[in-house]
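I opened the notebook to write down what I looked up, one topic at a time. The sequence and the structure come before the entries.

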Amino acid sequence: MRAVGELHRPDRLWPVLLASLAAHAALVSLGVLRGSGPPIDLGQKPIVAKLVRLGEQRPEHWLPRRDVPPPEAPPAPARVAAAPTPVPLAVPSPKPSPKAPPPRAPAPPGHGNDALSRAISKVRRDQALARETWGDPTGSPEGTATDASEGDRYLALVSEALQANYRLPATISDQERMSLRATVVLTIEPDGRVSSLRFERRSGNDAFDQALERAVHQTRMPPPPPELQQRYRTVGLGVNFHI
Amino acid sequence: MNRLLASLLLCLPAAAAAQRQYIDLGSPDFRPLALAVPPFQTGADAQAEANETAQTLRDDLALTTVFELLDPRSFLADPREGFAASAIRFSRWADVGAEGLVKAIVRREGSLLTGELHLYEVRAGREVLYRIYKEKTPRALAHRIADDVVQYYTREPGIFRTRIAVVRRGKGIREIVAFDADGKASEVLYRDAAILLLPHWRPDGGEILFTSYRGGKPEIWALRVSDGSTRLVVGIGELSSGAVYSPDGRRIAFTASVDGNSDIYVINADGSGLRRLTTDPATDASPTWSPDGRRIAFVSNRSGHPHIYVMNADGTEQRRLTFQGNYNQTPRWSPRGDLIAFTARDERKVFDVFVVSPETGKISRVTQDQGMTNEEPSWAPNGRLLVFASDRTGRPQLVVSNPTGDRQHVVTSESAPIGSPAWGPLPQ
């Protein structure tokens, strides 16, 4: 109940509120109907961007160095020496005078065997050893990569999960690697469990087909979104494996 | 108001069409295939031979770099289970991670050993290979089994009946010695007081070319493997060295220095038809043939530093291949044709083994921080393995490696210096 004399002001809140709600609803509807974002090409690999380390660029004319050094080689197993079979010494021809070995390219200047050259070589070597890390002048202080390399793009969650377990035996020959293909159909339960796997097309190579089965069984699939659960449980999802 | 709000409820999109979706998956990781090789069964009189056969087989398969040999101490299966697939509890083998299972029986029959191979696919639960062999020694038996296991999985021949020739230096003596591919069972093929270098096998394995100073200057000689006899092949100019047979065995490329200019020459295998391929005043040396015999890679310092070059087999279209490093030597073209292995000195003045693509020129490193010198690579005839000399243990020894360098094995433990390994061909 209003007090006497209070100004009567028309209530404009409800129209404004309604207009705001309508605008929000329209925007949300527009977003849902148009899809959740740019279409994702599931056939493309994920892109992982690496930050190039801040530092001096490694000279291009130097031989490459590995980021991960080779693992240590196990020593030769012990062996029992067999009794040597006598081999006659070759009949000597006219006694050869010692000659230099087959020609090698002349050593570049400053790389001789004198004391000064050895000292210079040692200094260069120590400098090279001290300068372990290379990067790029435009890199980041937090970067870890030696050089810029191609990136990967994010795949759908299923591709990513399978990819992590997609491992094949190294025994598959190079020739077969060019041509091996297989297609499996998975039925995926709402909780992400793969309830069945069947081959729509086998590769003809048992090792390859078994590796695909192993990859699927080792993968924890993400649960499908509610609107797709029925489809993946009945129609299933196909996966084309290739090398 | 509630009714108004309710009327503004969102319209959710309709369900997608019921057609099946497909995703593509490529670029797998390749990893060694896990094999279980339990102790071999045997009669009472062949226990030691059975043990040696099994261990040699495990070492061979590990050397291929495409298998991972599981530790027999981890096996859960009953060692008395039989050979019939129905009698084998494959789940026990799967539990230890085995993908393949190799079982065998070794028996002595007079002067020979009989080996019975059974190979199983663990996941499929079935036997996939059965062979019987007769050999004189456990090592020979193991090498044949290894070759057949490799053949089954890779569809390519195994290399365990091949040999690696090396030059070994003694006191006033030089020898050409042949090792088995696993670095054992060496046999002296030739011995001389004169300096000898750079052995290279004929494609049929019947001869080894080598460079010798026995005639007073470096010349190309050939050693007949069967009886140890030698013959002079060619010697022109001030020196001739580094001879290599073409893949068809019909031609020989070599280095010769004539009038002070070192160049690449080719002759027919019978010594006729001498042809000069390079004429640059710089030093051109160390030829190696492509597997199709149409191209030759070699070393030249025409740019001011030794680099790898490639040309047609007739000497035309010479082009530089390597542009990194300043001391690249000893190229060897893979039998697969995809890579050329070579020795190079890096910025730290260390010699390491590298590979370069003959098509793109991209260089990858095989050895790194593994001794001061890794050099003179040679390819196995299947192109999947390299052997080279390395001083990482203190003395030069042979190292067998895959082309990426990720799996390397020191295979010899010689006290005398060895070098210049040359991997021989598959048995004919």
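Which pattern of helices and strands does chain A follow along the sequence? I read it off as α-α-α-β-α-β-β-α-α-β. I noted beforehand that this is a predicted model.

**Entry 1: chain A**

I counted 6 helices and 4 strands in chain A. I then looked up burial and found that 14% of its 243 residues count as buried. For contacts in chain A with a separation of 6 or more, I noted that 78% are between residues 24 or more positions apart.

**Entry 2: the domains of chain B**

I moved on to chain B, which is divided into domain 1 (33-154) and domain 2 (163-423). The centres of these two domains of chain B, taken over C-alpha atoms, are 36 Å apart. I looked up the contact between them: 5 residues come from domain 1 of chain B and 6 residues from domain 2 of chain B. On the domain 1 side, α2(B) gives the most, with 3 residues. By class, I listed that side as 1 nonpolar, 1 polar and 3 charged residues.

**Entry 3: helix α2 of chain B**

I stayed with α2(B), which covers residues 47-63 and has 17 residues. From its first C-alpha to its last it reaches 24 Å, close to the 24 Å expected at 1.5 Å a residue. Is this helix largely enclosed or largely exposed? I found 13 of the 17 residues of α2(B) buried, so the helix is largely enclosed by the rest of the structure. After α2(B) comes B:Thr65, and I noted its positive phi, near 70°.

**Entry 4: the largest nonpolar core**

I looked up the largest nonpolar core next and found 135 residues in it. Which of them touch the most other members? They are B:Ile164, B:Ile252 and B:Leu398. Helix α4 (residues 138-154) of chain B gives the most to this core, with 8 residues. As background, nonpolar side chains tend to be buried together in soluble globular proteins.

I then listed contacts of B:Ile164, leaving aside neighbours within four places in sequence. Among them are B:Ala178, B:Phe179 and B:Ala181. Further along the chain I wrote down B:Val387 and B:Leu398, and also B:Pro421, B:Ala422, B:Trp423 and B:Gly424. B:Leu398 is thus on this contact list, and B:Leu398 is also one of the three core residues named above.

**Entry 5: a hairpin in chain B**

I turned to strands β14 (residues 219-224) and β15 (residues 230-234) of chain B, which run antiparallel and are joined by 4 bridges. In this pairing B:Leu223 stands opposite B:Thr230. The two strands form a hairpin with 5 residues between them. In the turn I found B:Gly228 with a positive phi of about 80°.

**Entry 6: an open sheet in chain B**

I traced an open sheet of 4 strands in the order β20-β21-β22-β23 (chain B), with antiparallel pairing. Its edge strands are β20 (284-289) and β23 (319-320) of chain B, each pairing on one side only. Between β22 (residues 307-312) and β23 of chain B I counted 2 bridges. B:Tyr309 stands opposite B:Arg320 in β23(B).

**Entry 7: B:Asn326**

I followed the chain past β23 to B:Asn326, in the loop between β23 and β24 (328-333) of chain B. Why does B:Asn326 count as buried? The cut-off is 20 or more other C-beta atoms within 10 Å, and B:Asn326 has 21. Last, I looked up B:Asn326 with B:Gly405, 79 residues apart along the chain, and found 22 Å between their C-alpha atoms.

Notes. Residues numbered from 1 in each chain as written. Chains lettered and ligands numbered in written order. Pairing = 2+ DSSP bridges. Core = buried A, V, L, I, M, F, W, Y, C linked by C-beta atoms within 7 Å. Buried ≥ 20, exposed ≤ 12 C-beta atoms within 10 Å, placed from the backbone. Contact = placed C-beta atoms within 7 Å. Expected span 1.5 Å × (residues − 1). Domains from an automatic or database assignment. Nonpolar A, V, L, I, M, F, W, Y, C, P; charged D, E, K, R; others polar.
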